[in-house]
Amino acid sequence: MNAKKGFLKRFEIFSFVLSSPLRCSGVVIVVILLFIAIFAPAIAPHDPYDINPVNRLSEISFTHPFGTDNLGRDVLSRMFYGTRTALFVGMMGVSVSLLMGLILGMIAAYCGSIIDDAILLLFDTLRSFPTIILILVIISVVGPSITNIVLALAITFMSTYGRAVRARTLSVKEEDYIKAAEALGARRLRIIRSHIIKNVVGPLIIMAGMDVGYMIALEAGLSFLGLGVPPPTASWGKMLRVGFDYMLKDPLLIIWPSIALFVAVAGFSLLAEALRNFLDPSVRRSVKGSLSAIRSQESIS
Amino acid sequence: MKVRSLRKKIVLVTLVTIIGVSMVLVSSGQCEELSELRVGRVGTLAKTLDPNIMSSWGITVPIKSAVFEGLLRYNPDTMEVEPCLAERWETSKDGKELTFYLRKGVHFHKGFGELTAEDVKATHDRWFEAKKWGLMDAIRWIPPLNRIEVVDKYTVKFYLEYADYTLVSSTVPMFFGYVTSKKALDEHGPEGIKTHAVGTGPYELEEWVPMQKLVLKRFPDYWAKKPWFDKVSFISFGSYHAAGLALKAGELDIASVRPEDVDIYEADPNLDVNVFQPAGFCWIGFNVQASPMDDIRVRKAIRYAVDVDEILQAKWGGVVEDPRKLRANSILSPSTVLGFWKDAPVYELDLQRSRKLLAEAGYPDGFTVVMPAPLHYGGEPEIGVVVQSQLKKVGINVKIPVLELEAFREEHFRETGRYPMFVESWHMAPFPEQQLCWFTSPQVETWNEMKWSNLRYDELLKKAAGEPDPTKRSEYYIEMQRLMDEDVVAIWIEYQLDAKAWRTDIDAKFMSSGWEVIQEMKGK
Amino acid sequence: MLLEVKNLSVEYITSEGRGYAVENASFKIEEGQIVGLVGESSSGKSTLGWSIIRLLPSNARIRSGDILLKGRDIIKMSERTLNETIRGKEISVIVQDPQNALNPVFTIHTQINDILSLYRKKTRKTKLPLLELFRSADTERKKEAVSLLTKVGIADARRRIDEYPYCFSGGMKQRVMMVMAFVVNPSLLIADEPTTGLDVTVEAQILEHLKDLIRQYGTAVLYITHDLAVISEVADKVMVMYAGNIVEIANKSELFDSPLHPYTKALIKCLPRNATQKDELETIPGSVPNIFNLPHGCKFHPRCELAKQICKGKRPLLKRNHSSSHEVACFLV
Amino acid sequence: MMFFVIRRLVWLPITLFGVMIFIFFLLNALPGDPVTAMVGPRATPEMRKAIEEKFHLNEPVLIQLVYFIKNVFQGDIGRSIWDGRPVLELIGNALPNTAMLALGSLFLAIIIGIPLGAVSAIYHNTFADFLIMGLSFLVVSIPDFVSALLLLLLFSVTLNLFPVSGLGSGILDQIHHLILPILALSLPWIGYIARVVRGTMLDVLSAPYIKMEKSFGLPLIFIWGKYALRNAISPAIATLGVMMGKLLGGAVLIEIIFTRPGLGRLVAESVATRNIPVIQGTVLVTATLFILSNLVADISYMFVDPRIRYER
């Protein structure tokens, strides 16, 4: 019994040591990804669009560390450029949907009555489609292109943010210092800007951080379906598709983009958890884990 | 006491499950009763089973030709025309009257009674109200048909406006000739007939579950030799390698495989592989009505800027030792019965001339053009990307929209100027008139994707039809191809190869075009 | 002799360090005797109580000492024997905080029934089949439970027994707990602040019922509380605890009439009923030291106005004082 | 609690209306004329006329909307433009496959996720805990279609243990075909449930009532297995319905990768072939299922945890 307790203790310390690098690792990963995305042209060994049929599907070599794809394009370079697509879609998607949600949520919370109901209905409607199906349909209407994908993602995710904003605004609105500010005749907009935004956005940032990863995953999914960014733009999803088509000949073509996707998704959810610790350290680790997981499910499937 | 018994139960259950699982794993591999033929297909199985509508040939021909029969048919080995539902036929001197003497005692599937002249008439009368039956795709096929007359129960007579010798040689034995039951037509109507196939063939339709499988079963009172298999199921797969793996695992007997992958299957001792050259073609088409492609110099310039050999290399590199051999220089492939243009000009890469032509046309530093490359028989998107990078060299910036085939066609025909260039590939029956007919003026709204109309071309097609002598006809066809070449309506890339792999314990049979001849297949 | 605890020490290990929550505690409980254990919060009295059935938080462990129940040493027992012969058999516990002391997602009946069925199995000395526990209750046990609930003053017990805890008030819950505690007919009951957090009237009722049950079952009780008043109600014998040390043990009357330890004196002074004579209510200066940095010598000397040099240097031990039953740990008596 | 359910039931049709309107306008926004969109580029004038009359395309949009909704309520959501099959029939064929997949994954996620979570909570901060949490983080961070590809690569292509695609025939064969897709689909959920259960279980294990139960000498297995777990799983249960909904709709990529003829693939393929009636119908159905399963979730939550009172 006592022996076991000792065992426990060692691991408590272990966990303590282990948890902190885990936290910052998120930041590190994201920074690295950003670096790759920004300096892709500088660090990519080859031009990712430069086709070279003669050595298509070539093995791993010194010139092509990850081999080449079905058109003889350098896989590593395409992965670097894919990072650009992924991060662009992820971050733009999140910020646009965050903005839409923020505006609509606030309007709903402030105007109340019919407008509120209407916006709520809109949110509920959007929420009652499975994410990817909604995106598929939107894409099928507006046609696939990087901006349209961002748009579709934004529309799809807007509702979650919108509802959160609305709820929090309503509660914050009732708090005394806001009331006081209003009583003192501060202008609505100024109140919104100074107090409410501050109190509402904080928690959303965590959600947002989480969602970047899942939007990246979704973009990959769309590109995999052939509804993603148009050629020849590099995207992990499209690379996965090529890998899928050439599975029997060159399995590695699937492995590389899979790793990239995992790193990105994991990186951003770790970042989000770090954010959470930063913003409210009170939350217990276990709960955080589950929370991040919840957000993940909402977008992965 | 109770407890122990319960423990027993638990043990029992676990045992059962273990056994069950292992059984599953075992049963995974060989679960084949040879009297069922399992054919793997990639993508759709068939869009419609109406005997006379043709869409996605390569996929539906084998199915339809197992279910339906025409008055005449091809001998799968010699491709000679031979009697089928008609025991014999006569052509009048002037070639304007065709009389078919029907075989007696031929029965339709599903108890739709015996085949009579009435059925033939009913089936083919549909051409006169083609729009109602959605047959307009093929409306060109029997222009000279004036009327059909039922002489007696077993004799039917076709009256033509002018002589058309291709009718017997290619049209009647193909889709047009397929006969379905009058009763069935009345019963099911234009919508229903798409899913209710009633023919006289050796197999009848058992079930068709979209996206899954299409099952045929042996037709008990078939008039001729009964087929070997009791059951033929066409199973839909999402990707070529899915089908391929299923084949390797013994879940399939025959599967279409990507010609690029044949080496994989050749390696497998249980499999036979063959690459066929169907009368298909893959090309970069110019929409001659859309700017800037309405300027022939631009089209020429592009023809000089596109390196077809590199495209072939990109597709076949590492599979075929010399991809150049696969190059197509004109529309008709060597495998078409006649009309192959042996000495068609071969255009090599020549960037200087290309740039010069562009400059003349007023595009010294190129332009931007939208070029869809929808996936059809495989490889189109890749070809698109290759062309994209090739044209960059002459300053032409190609945008490839992400577009599915159907969407492309819909938009292409809705908005004349939308897509000045495109990559397409078709599978066809190996008969020149059936391949050339799509690019006539009347087809501009429906299938003539180049939107190219050349009256001489139309006229030649008609001339050829009226020409009894095959060699002369062949010359006409070559002439037509020359016209296409002069007007630079397309850059021909290759004759779509088609590869089939099948298990060695199947005695498989294919047409030269690679279409399975289901009814003739046997198990060993 | 029912329970005999010989210099028991319990130690806590946390990130702040390690410290003794209970230090060399020794005492006895006779059959049917009601012993009050009193002390300020975090004086280690609960720890002492729970260590008797060896249910301590994972970061606490018993360093030394013996706990003899009917002569059998609990410390040396295996978890299994503990579960099968002591916990819920010989000893049962009424825990603090009735609000959360009942499992919210099971009916009262299920919870009582599980305990009962387990108890029955034990007493029949057959091996414990888990499945038996998952089996739904039989009527004969239910009757028993219902009658007990009625006894502790739960109206319409027959119906309420099938309700969920959230339908019960705090007092009700505490009654249910009592039923659970007594249903196994223990020889020792450890009541850990059973009435804290209840309002006074309820508290009074609960105490009444508790006394009845104790009388009826003749159970010995270790009654842990910070409230001398309650002690004066129930206990026969009182132990005063300060900073992990038992500083005084005496019969109730002796303790209240002639307390010896300065701390005890202070406590008694603080009792409202004594306070009424004076104008303002007495308080003890200073506060209970944190167990991780206890003062040397007598733990109370920093707050003791009579403290002498010796108090700082040596730690006083419990020693018999004139009457045989009155023990105190102080150099000044 | 009843009140809550009723409120939801009232809200349900309203949302459904919202869904219908949304779909209608979305698909009316399609480029090109709606008739072509409905019946395909080379339809016969008769067909076009029929559609025009059926959907009243010559009338103002709002009227059209009304008719559209009317049709939906009459259970008529059009025919596939290619083979003229009723959309309902197509959905009827596809739904069972998707349902099987979803239920399977749900089941797997529960029977693996909950015990894992419980174990890592019980052995909090032990090696087991770290292992489980590490793994669950891993699987949660790999998008399901990626793990599908990897599983396919490993088990089908390399080891050749499982079939690559299709439904299979016969119960055993069907199960055999289901294993990989189900696994792929449920992996993220396993990790997710494990995390949630661990979280709540940790709270529960430190709750007074657990202490009390221990004090009665109830064997630990019993306490964990009955008393603690029952408390710990309720939040997980609450998400089951949401999960079910997501699984029903979210299987698109999995169904494509394993070529299983399900709802997801139906949507994807009709999107690819511009088969508007099918898109409309399928999306409508999935949305409805999605909403319903959410409702079921809340109700089931209510049953698992008697404390729940719904003020929201």
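## Helix packing and domain contacts in a predicted model

H4(A) and H12(D) are roughly parallel to each other, because angles under 35 degrees count as roughly parallel, over 145 as roughly antiparallel, 65 to 115 as roughly perpendicular and the rest as oblique. Their axes come within 10 Å and cross at roughly 5 degrees, with H4 spanning residues 131-142 of chain A and H12 residues 263-272 of chain D. Axes here are lines fitted to C-alpha atoms, for helices over the stretch in contact, and angles run from 0 to 180 degrees between N-to-C directions. Helices (H or I, at least four residues) and strands (E, at least two) are DSSP runs, numbered from the N terminus.

This is a predicted model, in which local features need pLDDT of at least 70 and side-chain atom pairs count only at pLDDT 80 or more, while totals for chains, interfaces and linings use all residues. Residues are numbered from 1 along each chain as its sequence is written, and chains are lettered from A and ligands numbered from 1 in the order in which they are written.

On the H4(A) side, the helix contact uses Ile133(A), Leu136(A) and Ser140(A); H12(D) supplies Val267(D), Ala268(D) and Val271(D). Contact means that C-beta atoms, placed from the backbone, lie within 7 Å.

Now to chain C, whose domain assignment gives domain 1 (3-102 + 168-328) and domain 2 (103-167); such bounds come from an automatic or database assignment. Across this boundary, 17 residues of domain 1 are in contact with 18 residues of domain 2. On the domain 1 side, H7(C) gives the most, with 9 residues.

Here are the residue classes of the two contacts:

| Contact | Nonpolar | Polar | Charged |
|---|---|---|---|
| H4(A) with H12(D) | 5 residues | 1 residue | no residues |
| Domain 1 side of chain C touching domain 2 | 10 residues | 3 residues | 4 residues |

Ala, Val, Leu, Ile, Met, Phe, Trp, Tyr, Cys and Pro count as nonpolar, Asp, Glu, Lys and Arg as charged, and the others, Gly among them, as polar.

Leu136(A) turns up again in the largest nonpolar core: of its 406 residues, Leu136(A), Val179(C) and Ile193(D) touch the most other members. Such a core is a set of buried Ala, Val, Leu, Ile, Met, Phe, Trp, Tyr and Cys residues joined through C-beta atoms within 7 Å. Val179(C) touches residues including Ile112(C), Ala145(C) and Leu148(C), not counting residues up to four places away in sequence.

Finally, chain D has 13 helices and 0 strands. Of its 312 residues, 53% count as buried (20 or more other C-beta atoms within 10 Å of a residue's own; exposed is 12 or fewer, partly exposed in between, with C-beta atoms placed from the backbone).

Methods: Contact = placed C-beta atoms within 7 Å.
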